[in-house]
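Work through the exercises below with the sequence and the model open. Try each task before reading its solution.

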Amino acid sequence: MTAAQTPRRGPRERMVFGAAQLIRRDGVASTGMREVAAYAQAPRGSLQHYFPGGKEQLVNEAVGWAGRYAGNRIDRFLAALPTPTPSGLFGEMVRQWTEEYETAGFAGGCPVAAATVDCAESTASTREAAAAAFGTWTASVARALTDMGVPEDRAGALATLMIGALEGAILIARAEQNVRALTSVARELGPLLDAAVVKDGA
C-alpha cells in the first residue's frame, strides 16, 4: 500500500487520501486533523462537516481506503505480467515497495499496519477497520491465486502468507534502511507459491 499520485479528488476524498499518506509515514498518534487538512489543501472547517465522528472516523476511512487500494492493485500487477504466475504477482507486490524505497527513501510504510500498531488495543473501531482492510486485500490476492490454478482451499492461506511476509519485510526494510528483506522474501517465497499451482490434468 504505497503512496499514489493524487488524481483530481473532491475535498473529502483528498482528506481520506491525505490521512492515509500521513498515517503511513507518521502513525496515527502523530497525524492530526490540522495536518490532514493542510495536506489535502482543504478548509479546516470542512473536517467536522465531512467527518462528524472526528479523527477516529477519518482514520477508519483512511484505513478502509488503503485496503481497497491494495486490493485493486492486484489486477494491475497481473496485467503487467506477460504470463501471470503466483511468484510473478508476489514479485510485483514487492517491487512497488523496493522502487519506492530506492527512489524516495524509507519514510513510508503501510497505513493499515501503522493503524493496527497504534490502535489495536485502544480503539476497537480502528482495529475492526484494519482487520477488514487486510481481509479485502487478502481476498483479492486469493482470487488471483485461484485464477492462476491454486486450489481454493490453499489460496486464502497463501494470500495471508504473501501479505504477512510483505508486511514484515517492509518493517525490516525501514529499520535497516535497505531493501534486502524485500528482495529476500520475493526470492525465497516465489518457488513455494508457484509449486501450489495445480496443472490441468494433474
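**Exercise 1. Find the salt bridge of E99, then see which further residue is linked to the pair.**

Step 1. The side chain of E99 meets that of R95 in a salt bridge, at 2.4 Å from N to O. A salt bridge here is a side-chain nitrogen of Lys or Arg within 4 Å of a carboxyl oxygen of Asp or Glu. The model is predicted: local features need pLDDT of at least 70, side-chain atom pairs count only at pLDDT 80 or more, and totals for chains, interfaces and linings use all residues. Residues are numbered from 1 along each chain as its sequence is written, and side-chain values use heavy atoms, with hydrogens and water left out.

Step 2. E99 and R95 are four residues apart in helix 5, so about one helical turn separates them. Helices are DSSP runs of H or I with at least four residues, numbered from the N terminus. An α-helix has 3.6 residues a turn, so residues three or four places apart point the same way.

Step 3. R95 also forms a salt bridge with E92, with the closest N and O atoms 2.6 Å apart. These two residues lie three apart in helix 5, again about one turn. E92, R95 and E99 are thus linked in a network of salt bridges.

Step 4. Check the accessibility. Buried means under 20% relative accessible area, exposed over 50%, and partly exposed in between (1.4 Å probe, protein chains only). E99, at 38%, is partly exposed, as is R95 at 35%. E92 has 12% and counts as buried.

**Exercise 2. Which parts of the chain does the salt bridge between R12 and E61 tie together?**

Step 1. The closest N and O atoms of R12 and E61 are 2.7 Å apart. This pair forms a salt bridge, and a search of the whole structure finds eight salt bridges.

Step 2. R12 lies in helix 1 (residues 11-26) and E61 in helix 4, so the pair ties together parts that are 49 residues apart in sequence.

Step 3. R12 is partly exposed at 25% relative accessibility, and E61 is partly exposed at 24%.

**Exercise 3. Describe the surroundings of E167, which has no salt bridge.**

Step 1. E167 is found in helix 8 (residues 152-176). E167 is buried, and the nearest side chain of opposite charge, R174, is 8.4 Å away. For charge, Lys and Arg count as positive and Asp and Glu as negative; His and the chain ends are not counted.

Step 2. Leaving aside neighbours within four places in sequence, E167 is in contact (heavy atoms within 4.5 Å) with C110, A113, F134 and W137.

Step 3. Of these, W137 is listed among the buried residues of helix 7. The cover over the buried residues of helix 7 includes helix 8.

**Exercise 4. Where does G109 lie, and is G109 buried or exposed?**

Step 1. G109 lies in the loop between helix 5 and helix 6.

Step 2. With a relative accessible area of 2%, G109 is buried.

Step 3. L22 is 87 residues from G109 along the chain, yet their C-alpha atoms are separated by 10.0 Å.
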